[in-house]
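Biologist: I've never looked at this one before. Could you walk me through some of its charged pairs?

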Amino acid sequence: MLVILAVALAAYVLIYYNVFRGARHRSAATLRGKTAIITGSDTGIGKATALDLAKRGARVILACRNQQQAEAAAYDIRRESGNTAVLYMHLDLASLKSVRSFSETFLKSEPRLDLLINNAGMVGPGRTEDGFGMAFGVNHLGHFLLTLLLLDCLKASAPSRVVCVSARLHRLGSVDFSVLQAHRDLVAGSSCWHCFWAYCHSKLCSVLFARELANRLEGTGVTCYSLHPGATHTHFLRHVSLWLRVFLLPFSKLFFLDPEGGAQTTLHCALQDGLEPLSGRYFSSCALQEASAAGRDDALARKLWEVSERLCGLA
């Protein structure tokens, strides 16, 4: 029995460190005088990203919906990093009004923006304040509007970067514009199955957004990247049903990356020197990867941009 347990433990360690632990970014960049916004940075990957940037001396804005949780996260990060320039600003990506309010407040109070990290994400049923499917509204549309409202500040602060956290599941995604027009969502239902597909589709939107944004910003000094952070054990599972959490939680604790590990590719895209020629591309495990065929479809990316502009009231 002891031999079996020892073999099982050795196998777990081998699999975890070689398959699940993931790559580590290697940038030694310092960020004094730089400002970063990170959405969804009160927990998980976003908080780990914020801590790393704060340790490098950046002024870090935690753009979050839950004030109590975000203020507690800001306190933790200030204490651990020794950087007092870490603050919370309210942002609810499920409300385009909140996105506009956040952007207005930021632009009035902050003179520059060097890094915009579109990290927040969710999976689950429901509708945004504006009537869109929740995954589409939060994961794509809210970030789309936020980025466009902050573009002039990013350009004025160039060289600057926009980082969009996507997922490997974007490879299963598609964008059906007829479904979007009919249902204000990327799917036609609200079951667990529909929620899964809505998540996949929304993460494809993130890849397409970064690609089209890069095309439109060529020559401005603002570069854009999308990425898969790796399977990560975070509070992300709070959005799924109880039975699914019970099923996934033990597996995620054993095999998924911790939030620090999950933040590595985000940090690589935000900090690594020499990535500018790769603007618009997709990364995983701190390395360039090829996105799905749909994720490389420039015509699809352009149409999604135009539709998103109309949905946000920008066109």
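**Charged pairs, one by one**

Modeller: Sure, let's begin with R79: with a relative accessible area of 57%, R79 is exposed. Keep in mind that this is a predicted model.

Biologist: Which residue does R79 meet in a salt bridge, and how far apart are the N and O?

Modeller: Look along helix α3, where R79 sits three residues from D76, about one turn of the helix. Side chains of opposite charge can pair when their charged atoms come close. Here the partner is D76, and the N to O distance is 3.5 Å.

Biologist: And is D76 buried, partly exposed or exposed?

Modeller: Buried would need a value under 20%, and exposed one over 50%. D76 has 23% relative accessibility, so the label is partly exposed.

Biologist: Staying with helix α3, which residue there pairs with K55?

Modeller: K55 belongs to helix α2, residues 44-55, and the partner is in helix α3, residues 67-81. The two are 25 residues apart, so this pair links distant parts of the chain. Their side chains meet at 3.9 Å, N to O, which falls within the 4 Å cut-off for a salt bridge. The partner is E80.

Biologist: How accessible is E80, then?

Modeller: The cut-off for exposed is over 50%. E80 passes that mark and counts as exposed, with a relative accessibility of 53%.

Biologist: Now to helix α7: what separates E212 and R216 along it?

Modeller: Helix α7 covers residues 192-216. E212 forms a salt bridge with R216, and their closest N and O atoms are 2.7 Å apart. Because the two residues are four apart in this helix, the separation is about one helical turn.

Biologist: Of E212 and R216, which one is buried?

Modeller: R216 has 40% relative accessibility, so R216 counts as partly exposed. The other partner has a relative accessible area of 5%, and buried means under 20%. The buried one is E212.

Biologist: Which residues do salt bridges that share partners join into one network?

Modeller: Shared partners are what tie this group together. The residues in the network are K34, R112 and D114.

Biologist: How many salt bridges does the structure hold?

Modeller: We've met several by name, including K55 with E80 and E212 with R216. For the structure, the count is 13.

Biologist: One last thing, away from charges: how far apart in space are A287 and L227?

Modeller: A287 is in strand β8, residues 287-289, and is partly exposed at 30% relative accessibility. Along the sequence, A287 and L227 are 60 residues apart. In space, C-alpha to C-alpha, the distance is 9.4 Å.

Key: Residues numbered from 1 in each chain as written. Predicted model: local features only at pLDDT ≥ 70, side-chain atom pairs only at ≥ 80, totals over all residues. Heavy atoms only, no water. Buried < 20%, exposed > 50% of the residue type's maximum accessible area, 1.4 Å probe, protein only.
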